[in-house]
Amino acid sequence: MRTGELSGCPQRMETTPLRTALGRARLPRYTSYPPANRFDAGIGPETVAAWLEELPADGPVSLYVHVPFCRRVCFFCACRTQVARGDAPLDAWLAHIAREIALVRARLPGRLPVRRLSLGGGTPTILSPEALDRLGELLCGAFDIGADAEISVEIDPGACDAARIDALARMGVRRATIGMPDLDPRVQRTTGRTQSLEVTRETVAELRARGIDRIGFELLYGLPHQTAAGLGATLEAALAEAPDRIALPGYAHVPWISRRQRMIPEDTLPGPEARMALAEGAAARLHEAGYVQVGIDHFARPDDALARAAAAGTLGRSFQGYEPEPAATLIGFGPSAVSRLPQGFAQNAGGTGAWQSEISSGRLATRSGWRLSARDAAIGRAIERIMCDGTVDLSWYPQAPATELLLRARTAMIELPGLGRVEGNRITIDTMTGARLLASRLDPDFAPERDNFSLAC
Ligand code: SF4
């Protein structure tokens, strides 16, 4: 196994207005347009119930189930999750998920076919094997989940065992994403995320032995005390497992949103230039290893579905990151889960107690959302293409939003030389590093003081 410093890390980098803007910017991840922090509290359960009733009976849909519990809390994590002590909160969650699935199913025009089912959180494998079996039964009872549906799960190797992997295999899971932020002991101590390489390797072997053989890793750059050598060693350990995909998002320090991040001393974080060097060094190593970049922060083997979708222009971006050929409808279950419907977005109450209370009263747990206008839809499509492909052709867009987007893009290109170019009706960025920056410039309502966040999930 190769170890040591990331060879692609530039030692000296030229400072330009674009580089300074990229290094300093705190921007939305644009997993939706508008981002979820701007959702409207006026979109409630009745509106979303009507939207569900209007869905076509032949689907297909994607499903997301949010398990909001972990056995430990990693200080860098900004996900909606809490430590679960004992099984009582997990049992209560499962009982309410059953009711939520029934409430949604009652509004749907039929047993819709499922293209993709994702279990995320939190830590889905905190559920017992019996609870995972029950969850699978509930979903299969309400939806048509055929053999061609892709079922995936996020795995914390520190909270997974053989019996749970058996249950995942029974559910039909074929893809697993292994969290492995950084193996450097100093980084692990500072972030509260201890994880041994041995346990991680064993988990991957157990998954593969049960047919869950589409393996991805998720690393993080920009962590406290992180060095090029430490990130490089973590990357080599991941590559040694020959994963199909590696995600490498940047750590976003937003302690005003995620209180647990206050445990991380700010003076241990790499500065903007060091962050960019870590990201660029890791990307160079991944390219050398034969992976192609997908979107802003994913890498995949050229024969992986994500890479093929990127090459074909059919990549999509959703709250779960990048996905090939996304269904138009995504239905989310659990606290804070977001649904994307043809009419707009809907987000469940974020707190587990608030979500349970809504479900117990026999109503959908929608707390906010967004009804998409034709202009919103056009701007959202353009931003999604920039975040996925780095380019968008506005020739077939409605004239008013296309004119507005081209004007915004030209202004951004003048202010930030090197960001990209506008040729006719096509906007193109020079590198994917600039995608979020350009997206924020295309977003007519972006306000740095309000949207200065960047959540991991
Ligand atoms: S990183 Fe994973 S295990 Fe750690 S707190 Fe977040 S969801 Fe839980």
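**Exercise 1.** In this predicted model, decide whether Cys 70 counts as buried or exposed.

*Solution.* Start with the cut-off: a residue is buried under 20% relative accessible area. Cys 70 has 10% relative accessibility, so Cys 70 counts as buried. Next, place the residue: Cys 70 belongs to strand S2, residues 69-70. Finally, list its contacts, leaving aside neighbours within four places in sequence: Thr 81, Gln 82, Val 83, Ala 84, Gly 122, Thr 123 and Ile 126.

**Exercise 2.** Where does Cys 77 lie, and is Cys 77 buried or exposed?

*Solution.* Cys 77 sits in the loop between S2 and strand S3 (82-83). Its relative accessible area is 15%, and therefore Cys 77 is buried. Outside the neighbours within four places in sequence, Cys 77 is in contact with Ser 258, Arg 260 and Gln 261.

**Exercise 3.** Which residues does the UniProt annotation "binding site" cover, and which residues are around the ligand?

*Solution.* The annotation, from an unreviewed UniProt entry, covers Cys 70, Cys 74 and Cys 77. The residues around the ligand include Cys 70, Cys 74 and Cys 77. Also among them are Arg 72, Val 73, Phe 76, Gly 122, Thr 123, Asp 156 and Arg 193. Sorted by class, this shell has 5 nonpolar, 2 polar and 3 charged residues.

**Exercise 4.** Which residues have the most contacts inside the largest nonpolar core?

*Solution.* The largest nonpolar core has 80 residues, and Trp 93, Leu 135 and Phe 143 have the most contacts inside it. Another core, of 38 residues, lies apart from this one and includes Leu 306, Cys 388, Met 413 and Ala 439. In soluble globular proteins, nonpolar side chains tend to be buried together.

How values were computed:
Residues numbered from 1 in each chain as written. Predicted model: local features only at pLDDT ≥ 70, side-chain atom pairs only at ≥ 80, totals over all residues. Heavy atoms only, no water. UniProt positions renumbered as here; feature names shortened; annotations may be inferred. Helix = DSSP H or I, 4+ residues; strand = E, 2+ residues; numbered from the N terminus. Buried < 20%, exposed > 50% of the residue type's maximum accessible area, 1.4 Å probe, protein only. Contact = heavy atoms within 4.5 Å. Near = heavy atom within 4 Å. Nonpolar A, V, L, I, M, F, W, Y, C, P; charged D, E, K, R; others polar. Core = buried A, V, L, I, M, F, W, Y, C linked by side-chain atoms within 4.5 Å.
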